[in-house]
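Grab the viewer and work through these exercises with the model open. Try each task on your own before you read its solution.

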Amino acid sequence: MSISNGRAPLNFTSDGSLQAHSATLLASDETTHEFADQGSSDQIRVRAPKTWPVSDHFDGQRFHNPTLPTGFAPTFSSAMKMIFDKRSRWPAAVENASVPRLRAMCGTNDIAITFVNHATFLIQCKGLNILTDPIWSMRASPIQWLGPKRVREPGMAIDDLPRIDLILISHNHYDHLDIGTLRCLQQKFSPIVLVAAGDGELVRSIGFTNICEFDWWEELQIRPGCKVTFAPTQHFSARGIRDRQRSLWGSYLIQDGDRRVYFGGDGGYSTHFSDIKRRLGTPDVAMLGIGAYEPRWFMSPMHMNPAEAVQAHQDLGATQSIGMHHGTFQMSAEAIDRPLVDLAAAIRMAGIDETSFITLREGETRIYRAN
């Protein structure tokens, strides 16, 4: 079985796992590509950079949040004020306590999720290995000697990863799109990379050739019965002071058969969680940010606090949610353990089962068995 783009197919073995990465999903000399499962009439149109249509979140030049005031984006001066405001002191180093179960026995429809760190998860289903927003670098920064520095090692070494077939990148901030990590993954695995509209050229510059850029609600069929949809979030983009809002941001819903996994990327609370449930269905597992939320005067539009994450969990109707975006890099003012304390309080206040919204230790694997 294969997915075709009119040139070279992505081939799958009899058990449905990826066999080769020979297709070019996004080529710089083309503006539109159509992908279709052979024997199917369904097609996905993927636009090359600078051809995204004007919409409720794109004015032809810059992207924006339809859920926030027109033109909203954090200013450079407010960001500097936030950075130099008083912050809780984090420990210089924290030891990890878990060992990944990458070779645990999984049934045909089981899903294994390993928390690596920050917003990086390894998702394994039916022979398909997916990484989200991978970062193994020491700092989430364009500068090796300055910027947020990790206080704990990743939950697993990059050399211990299984073959990576697919990378999902939610947006272009340095703690989510890390050049050093991506370069290493490209050299080791040459996987397919899914990115937000406007980030394709940056990822191509690293050496990736199998790249697919998405606008909100666009989808790609990875193999028969398995597709990935790029969904909205409320956030912003920039890697410098001159490229603000030039690329999009978002989240991903992976549907494999009747199993759904939602990776929330990075963002504030808004109506998009209810929209995702309505359009894409309720996820079995949702990964939602619970950290980097103080001070609220600055962070509220961009990062959920734990109470808002619990509300997002309810809006999605997720069977279980996993908290992320905490405990690795100090991105904001709250103490390192504050997200966990606030999450526990939010769960009690909402009156939901404490097992329905959990956190994993770095390196911990959770297996979600098929019903």
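**Exercise 1: the sheet with E18**

Thr-114 stands opposite Thr-365 in E18. Before going on, note that this is a predicted model, where local features need pLDDT of at least 70 and side-chain atom pairs count only at pLDDT 80 or more, while totals for chains, interfaces and linings use all residues. Numbering starts from 1 along each chain as its sequence is written, and side-chain values use heavy atoms, with hydrogens and water left out.

Task: work out how strand E5 and E18 run, and which strands are at the edges of their sheet.

Solution.
- Step 1: E5 covers residues 111-117 and is joined to E18 by 4 bridges, antiparallel. Strands here are DSSP runs of E, at least two residues, and helices are runs of H or I, at least four, numbered from the N terminus; two strands pair if DSSP finds at least two bridges between them.
- Step 2: the open sheet has 7 strands in the order E10-E9-E8-E7-E6-E5-E18, with mixed pairing.
- Step 3: E10 (211-214) and E18 (365-368) are the edge strands, each pairing on one side only.

**Exercise 2: the sheet with E17**

Task: find the order of the open sheet that holds E11, and say which helix packs on that sheet.

Solution.
- Step 1: the order is E11-E12-E13-E14-E15-E16-E17, again with mixed pairing.
- Step 2: E11 (219-223) and E17 (357-359) each have a single partner strand, so one side of each lacks a neighbour in the sheet.
- Step 3: neighbouring strands are turned by 20° against each other on average, direction ignored. Axes are lines fitted to C-alpha atoms, for helices over the stretch in contact, and angles run from 0 to 180 degrees between N-to-C directions.
- Step 4: E16 (residues 320-324) pairs with E17 in the parallel sense over 3 bridges, and Ser-321 stands opposite Phe-357 in E17.
- Step 5: helix H4 (residues 272-280) packs on this sheet, touching E12, E13, E14 and E15, with its direction at about 155° to that of E14. Contact means heavy atoms within 4.5 Å.

**Exercise 3: two helix pairs**

Task: classify the packing of H6 with H7, then that of H4 with H6.

Solution.
- Step 1: H6 (residues 306-316) and H7 (residues 338-350) pack at about 50°, with axes 8 Å apart.
- Step 2: H6 and H7 are therefore oblique. The rule is that angles under 35 degrees count as roughly parallel, over 145 as roughly antiparallel, 65 to 115 as roughly perpendicular and the rest as oblique.
- Step 3: the residues that meet include Val-310 and Gln-314 in H6, and Leu-343 and Ile-347 in H7.
- Step 4: the axes of H4 and H6 come within 8 Å and cross at roughly 20°, so this pair is roughly parallel.
- Step 5: Phe-273, Ser-274, Ile-276 and Lys-277 of H4 make the contact with Ala-312, Asp-315 and Leu-316 of H6.

**Exercise 4: Lys-126 and a cis bond**

Task: what is the salt-bridge partner of Lys-126, and where does Pro-295 lie?

Solution.
- Step 1: Lys-126 sits in the loop between E6 and E7, and its phi is near 50°, a positive value in a residue other than glycine.
- Step 2: its side chain meets that of Asp-256 in a salt bridge (4.0 Å, N to O). That term asks for a side-chain nitrogen of Lys or Arg within 4 Å of a carboxyl oxygen of Asp or Glu.
- Step 3: Asp-256 lies in E13, so the pair ties together parts 130 residues apart in sequence.
- Step 4: Pro-295 lies in the loop between E15 and H5 (296-299), joined to Glu-294 by a cis peptide bond with omega about 0°.
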